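Work through the exercises below with the structure open. Try each task before reading its solution.

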Amino acid sequence: MKLLRYIYMFREFILLSLLFITLERLVNGRQLYSFLNPGYHVFVNLAMVTVFFLTGAALFISAGRDLEVDTPQGYFRYFVFIVLIALLNTGSDSTTFSSHLTEGNTLTPDASMNSFSAAGDIKPGPDSDIYNTSGDFIEITKENYYFIVNDIYSAPGKYEGKRISVDGFVYKSKKLKKCDFIIARLIIFCCAADAGIGGFITDASGINESFIKDEWLRVDGVLRLEKRGGEKPAPVLKLESFKRIPADKEPYIYPAYN
Amino acid sequence: MLSVYSTYVTAIFLEGIFFLTIGVIISSLIDVFVSDDTISKIVPSGRVTGIAVSSLTGILFPVCECGIVPVVAGLIRKGLPVSHAVTMLLSIPVVNLVTFTSTYYAFPGTLGIAFLRMAGGVAVSFCLGLAVSVFSDDNFVLKNKPEEKNYKPVNRENFVLMDHVCSPGCSCHHHGEDHSKLTPVEKIKGVLNHSVGEFFETGKYFIIGILVTAAFQTFVPKNAFDGVSAAFPLPELFMTGYAYILSICSQTDAFVARSMSSYFGPGALLCFMISGAMIDVKTTMMLRVIFRKRFIVLLAAGIVISTVCFSFLAEAVLKIL
């Protein structure tokens with residue numbers, strides 16, 4: 001019983017220590033990428049400083065308590081923190097999360113286009129070669145994905161007739177033609193709570209192959225502008241060849257970071 | 001499903017934890033180091049002027065909704081009028097440069113939406129602050145009022161042992177006490193004690209808010225907004241409710257709003273961005289640290305009504321422009 005009294009006496013310190021360890025594990029285990037745009041990681045690092053400060057303060061307060069006087073009360077708030085810490089340590093499975101995002105989501109090409117045109121002024125990074133779109137062939141990678149795809153949706157005419165290679169997962173919508181799918185990626189603007197899907201409509205009518213939802217592909221095709229339900233012609237990738245690839249372990253695209 | 005649920009919980013927690021912790025620390029510093037006189041000197045004496053100034057405070061203090069609740073709680077304890085506090089609480093997450101910049105980036109090529117969002121933040125917070133000032137009193141609004149009968153100054157001997165977090169005006173609180181009489185060591189002890197206590201009290205509601213929001217995100221289908229394209233005010237009301245459930249940070253919600261612009265007009269998108277920044281599941285829970293339940297319900301209703309009215313006017317302005 002005395003041990004339990006001591007645990008209760010140091011309750012805030014114990015919970016804050018567990019919270020700090022959990023944050024440290026998430027930061028050093030490189031798991032933050034599954035939850036947060038890297039542009040916001042600085043706030044988690046700062047949170048580690050503030051939680052460390054609170055942990056020290058809690059130790060100071062707990063050490064000053066009188067074991068006999070400090071009677072247990074107000075369990076609920078501590079229970080809520082225990083539940084939180086347990087959930088933070090449950091981990092994340094990006095494949096399951098990706099499936100959850102695509103389930104019941106009837107994304108249209110228009111909505112997809114809007115997701116990307118939300119980029120604003122994304123500037124090319126230091127390695128300018130991967131942002132070069134002047135040639136007839138453009139390889140879209142994770143690094144240049146947001147910049148190039150945003151540019152394609154902003155000025156589609158510039159890219160008409162160009163050959164494009166891009167990786168992504170198969171996303172199907174009832175609003176698309178039977179032979180169409182979207183070669184999609186998950187986008188995290190800030191955190192997983194605002195994650196969404198974006199990508200190109202891919203016209204696979206010339207390929208005698210059926211594609212399964214969520215399978216990962218490297219597709220190669222020519223970009224065309226076609227009417228697909230929206231008011232304006234949308235960029236459509238006319239599929240010429242494809243390769244099945246393993247799912248990306250870090251499947252997210254982070255706008256304003258990549 | 002547990003994996004998806006814990007992903008949402010972790011993401012929303014990581015997004016807000018720094019702002020919550022820095023908020024409780026700032027609140028504690030205000031509590032111990034800022035005297036009541038200072039607040040009364042800073043706040044403009046006129047009702048309308050004071051509320052108007054409060055509605056623009058966010059330009060200097062870019063704090064999101066998670067951080068502002070404990071800070072405002074501390075200011076109320078120091079004697080900030082409740083109407084001013086409510087105005088600041090509503091306006092700061094919307095009317096600040098970070099939110100303005102992210103809104104501009106989300107809607108590139110035009111400043112209209114970003115400016116209308118700021119204008120909406122000022123207008124809605126000003127009107128509701130004024131309504132609180134005219135129609136309600138502290139007894140109706142505050143969970144614990146400063147003039148409690150059993151008010152007693154802090155026990156300086158046991159300051160560090162005080163295992164209780166003070167909500168605005170609570171009876172144990174040292175509201176009115178002259179902190180200049182405390183020694184520097186006592187002041188530091190006060191900050192430490194108050195920070196931890198307030199973290200667990202406010203954090204409790206923060207976490208409950210996260211758990212509820214994550215449940216919505218996990219179990220409500222993503223296509224819930226398909227087909228909601230009816231005439232005013234249905235899309236506006238829908239987007240207000242959607243923002244409430246999603247509980248996205250005010251500094252990034254513009255990107256989510258932009259991705260839904262093929263379904264909704266600018267009025268409904270403004271509703272999403274203005275009301276969502278002012279109140280959502282997470283902040284509703286956190287507001288319980290300060291306010292009575294009945295006031296929170298009325299405040300939420302006021303936000304919905306005034307935001308929808310503003311969006312109607314904003315859409316008319318956009319048509320003229």
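Domain bounds here come from an automatic or database domain assignment. The model is predicted.

**Exercise 1. Which domains does the assignment give for chain A, and how many residues does each bring to the contact between them?**

Step 1. Chain A is assigned domain 1 (2-92) and domain 2 (96-253).
Step 2. Six residues of domain 1 of chain A and eight residues of domain 2 of chain A make the contact.
Step 3. Sort the domain 1 side by class. In chain A, the side of domain 1 that touches domain 2 holds four nonpolar residues, two polar ones and no charged ones.

**Exercise 2. Set out the secondary structure and burial of each chain.**

Step 1. Chain A has seven helices and seven strands. Along its sequence they run α-α-α-α-α-α-β-α-β-β-β-β-β-β.
Step 2. Chain B has 14 helices and zero strands.
Step 3. Turn to burial. In chain A, 40% of the 258 residues count as buried. In chain B, 56% of the 321 residues do.
Step 4. Look at sequence separation. Take the chain A contacts with a separation of 6 or more: 71% are between residues 24 or more positions apart. In chain B, take contacts between residues at least 6 apart: 84% join residues at least 24 apart.

**Exercise 3. Locate the largest nonpolar core and say where it lies.**

Step 1. The largest nonpolar core has 164 residues. A:Cys191 and B:Val72 have the most contacts inside it.
Step 2. Helix α1 (residues 2-33) of chain B supplies the largest share of this core, 15 residues.
Step 3. Domain 1 (2-92) and domain 2 (96-253) of chain A both contribute residues, so the core lies between them.
Step 4. Follow one hub. Neighbours within four places in sequence aside, B:Val72 is in contact with B:Ala85, B:Met88 and B:Leu89.

**Exercise 4. Which strands pair with β4(A), and in which sense?**

Step 1. Start with burial. Eight of the eight residues of β4(A) are buried.
Step 2. Strand β3 (residues 180-187) of chain A pairs with β4(A) in the antiparallel sense, over eight bridges. One bridge can be checked by name: A:Asp180 has A:Asp203 of β4(A) as its partner.
Step 3. Strand β6 (residues 234-244) of chain A pairs with β4(A) in the parallel sense, over three bridges. Here A:Thr202 has A:Leu237 of β6(A) as its bridge partner.

**Exercise 5. How many residues of helix α7 of chain A are buried?**

Step 1. Helix α7 spans residues 145-154 of chain A, and nine of its 10 residues are buried.
Step 2. Name some. Among the buried residues of α7(A) are A:Tyr145, A:Phe147, A:Ile148 and A:Val149. A:Asn150 and A:Asp151 are buried too.

**Exercise 6. Are A:Asp214 and B:Ser247 buried or partly exposed?**

Step 1. Recall the background. Most residues other than glycine have a negative phi.
Step 2. A:Asp214 has a positive phi, near 80°. This residue sits in the loop between β4 (196-203) and β5 (216-226) of chain A.
Step 3. B:Ser247 also has a positive phi, of about 55°. Its loop lies between α10 (234-246) and α11 (253-259) of chain B.
Step 4. Apply the cut-off: buried takes 20 or more other C-beta atoms within 10 Å. A:Asp214 has 16, so A:Asp214 is partly exposed. B:Ser247 has 29, so B:Ser247 is buried.

Note on methods:
Residues are numbered from 1 along each chain as its sequence is written. Chains are lettered from A and ligands numbered from 1 in the order in which they are written. This is a predicted model: local features need pLDDT of at least 70, side-chain atom pairs count only at pLDDT 80 or more; totals for chains, interfaces and linings use all residues. Helices (H or I, at least four residues) and strands (E, at least two) are DSSP runs, numbered from the N terminus. A residue is buried if 20 or more other C-beta atoms lie within 10 Å of its own, exposed if 12 or fewer, and partly exposed in between; C-beta atoms are placed from the backbone. Two residues are in contact if their C-beta atoms, placed from the backbone, lie within 7 Å. Ala, Val, Leu, Ile, Met, Phe, Trp, Tyr, Cys and Pro count as nonpolar, Asp, Glu, Lys and Arg as charged, and the others, Gly among them, as polar. A nonpolar core is a set of buried Ala, Val, Leu, Ile, Met, Phe, Trp, Tyr and Cys residues joined through C-beta atoms within 7 Å. Two strands pair if DSSP finds at least two bridges between them.
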